[in-house]
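Subject: A structure for you to explore

Hi there,

Here is the structure I promised to pass on to you. Have a look around it first, and then read my notes below.

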Amino acid sequence: MNTRFAPLQKLRGRLRPPGDKSISHRAALVGAMASTPVRIRNYLDAADTGATLAAVRQLGAIVQWREAELVIRGGGLRNVQAPAGTIDVGNAGTLMRLLPGWLSFQQGCTFTLDGDESIRRRPIDRIATPLALMGASIEAREGRYPPFTIHGGGLRGIEYQLPVASAQVKSCVLLAGLTTESTTVIEPVPTRDHTERLLARAGAPIRRGGLDGAPRTTVGNAEELDLEPVDVPADLSSAAFLIAAGVLVPGSRLLLEGVGVNWTRAGFLRILERMGAIVLVDSEPQGSFAAQEPIAEIDVSHCALQGTEVGPDEVPLAIDELPLVALLGCFAEGETIVRGAQELRLKESDRIAAVAGGLRTLGGDIEDTPDGFVVRGTGGLAGGRLDARGDHRLALLGAVAGVASRDGVEVVGWEAVSISYPSFAEDLRRLAA
Ligand code: S3P
């Protein structure tokens, strides 16, 4: 499906973006692992997080929508029901990499996971390696791609140094560690910590240390998990597209409510600040590690931008927003450079090639490098056609480029937005009215 986004005069209004995708996946998984029913408010109603609900149902959990609230009744940490057939993760990398952590200690059960064309290109050896060190057995296509099969069994604790900064891999190992005496994950640099926060709230023995240098997180054996109701914040990664549109479209002023601003996710806000954007974040105090996720109201106004540099340490804190940094760079004065972001090549599409190629066809002066982009700001984009390549964040990027461009952008494959932000076009129309 092709959808055209014409240049807009201004965007104005107040809106709550959809629920956080990363936290929704985790809330559903930890909810299904808990011994008592778990209520989840503002769960993201989209294709990716729908795949997680389907998966936990297949594993024996009862999932019910009660008005706007989701209730999950699982069978407990060690009581997964062996599923009939393959578990379909769809397009969801987070589901594909987190779920095996839980499945790997289900004694005597076998599970096969598969997904769409994009997921079949995404490596799982990054989780299979630590899980094998813990004693799990995994067989994957060509040793590293889906479909793959997990044979559940008893696991032993490990100390694991992550070779790449990945919250998905960290989360998988921590979930697997819940039946070991002690399992530690050491990260090269901090990545999103939503799993740790939820596990702490659910009563799992979890400790964090080394936050000044390489973060170390240790989990131990958990008999049971119990989780008080979870309020899923609005997704900063989805809000980021509205924030960018508000910054780029002249005369705009947007207020975005209830947005998650956990610092391990909020790198984009700091990058924007360096670029000179007027984005005010009115947040509540961050609270303790085991409290609900911090949220804020984000107040965005149009303004002029200057180029900036994003280096490897900042990359995991803004990984899904880096395509937007490239887009903003096209409108900024001077150069915008992203380095150390080779992980972008392993996302729903090769986001280095796709973003650079896509923005070039719209008139941007952008070069792809092996680990990022170099963008020379030209004060704006002409417009044209952008192929989403089945990647939701590329489709959304095309829409924002369109409303800020001179001639508009036609997004080829708009339906990809069903993965994380099905109502984006409608929200944009409301803010433009
Ligand atoms: C995610 C972690 C990141 C991110 C993805 C969601 C998560 O992936 O890009 O969209 O929910 O843990 P990596 O762990 O591969 O960096």
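From which domains does the shell around the ligand draw at least three residues each? Both domain 1 (2-19 + 233-432) and domain 2 (21-231) supply that many. Please keep in mind that this is a predicted model.

Let's start with the ligand. Its place is in the largest pocket, and the residues surrounding it are Ser22, Arg26, Thr94, Arg97, Ser166, Ala167, Gln168, Arg192, Ile319, Asp320 and Lys347. Sorted by character, this shell has 5 charged, 4 polar and 2 nonpolar residues. To find your way along the chain, look for three helices: α1 (21-33), α3 (93-103) and α5 (167-176) each give at least two residues to the shell.

Next, zoom in on some polar contacts. The side chain of Ser22 has an N or O atom 2.7 Å from an oxygen atom of the ligand. For Thr94, a side-chain N or O atom is 3.4 Å from a ligand oxygen. Ala167 uses its backbone instead: an N or O atom there lies 3.0 Å from an oxygen atom of the ligand. As for how covered the ligand is, it would expose 390 Å² if taken alone, and the protein buries 96% of that.

Two backbone details are also fun to look up. Which residues does a cis peptide bond join? They are Pro146 and Pro147, with omega at about 0°, and you will find Pro147 in strand β9 (residues 145-151). The other detail is Glu67, which is not a glycine but still has a positive phi of about 55°. Look for Glu67 in the loop that runs between β4 (62-66) and β5 (69-73).

Enjoy exploring, and write back with any questions!

Best wishes

How values were computed. Residues numbered from 1 in each chain as written. Predicted model: local features only at pLDDT ≥ 70, side-chain atom pairs only at ≥ 80, totals over all residues. Heavy atoms only, no water. Near = heavy atom within 4 Å. Polar contact = N/O pair within 3.5 Å; in protein donor to acceptor, adjacent residues only side chain to side chain. Areas by Shrake-Rupley, 256 points an atom, 1.4 Å probe, with all protein chains shown as cover. 1 Å grid on protein atoms, 1.4 Å probe; cavity = no way out; pocket = protein on both sides within 12 Å on 5 of 7 lines; lining within 4 Å. Sits in = over half its atoms within 2 Å of the grid points. Helix = DSSP H or I, 4+ residues; strand = E, 2+ residues; numbered from the N terminus. Nonpolar A, V, L, I, M, F, W, Y, C, P; charged D, E, K, R; others polar. Domains from an automatic or database assignment.
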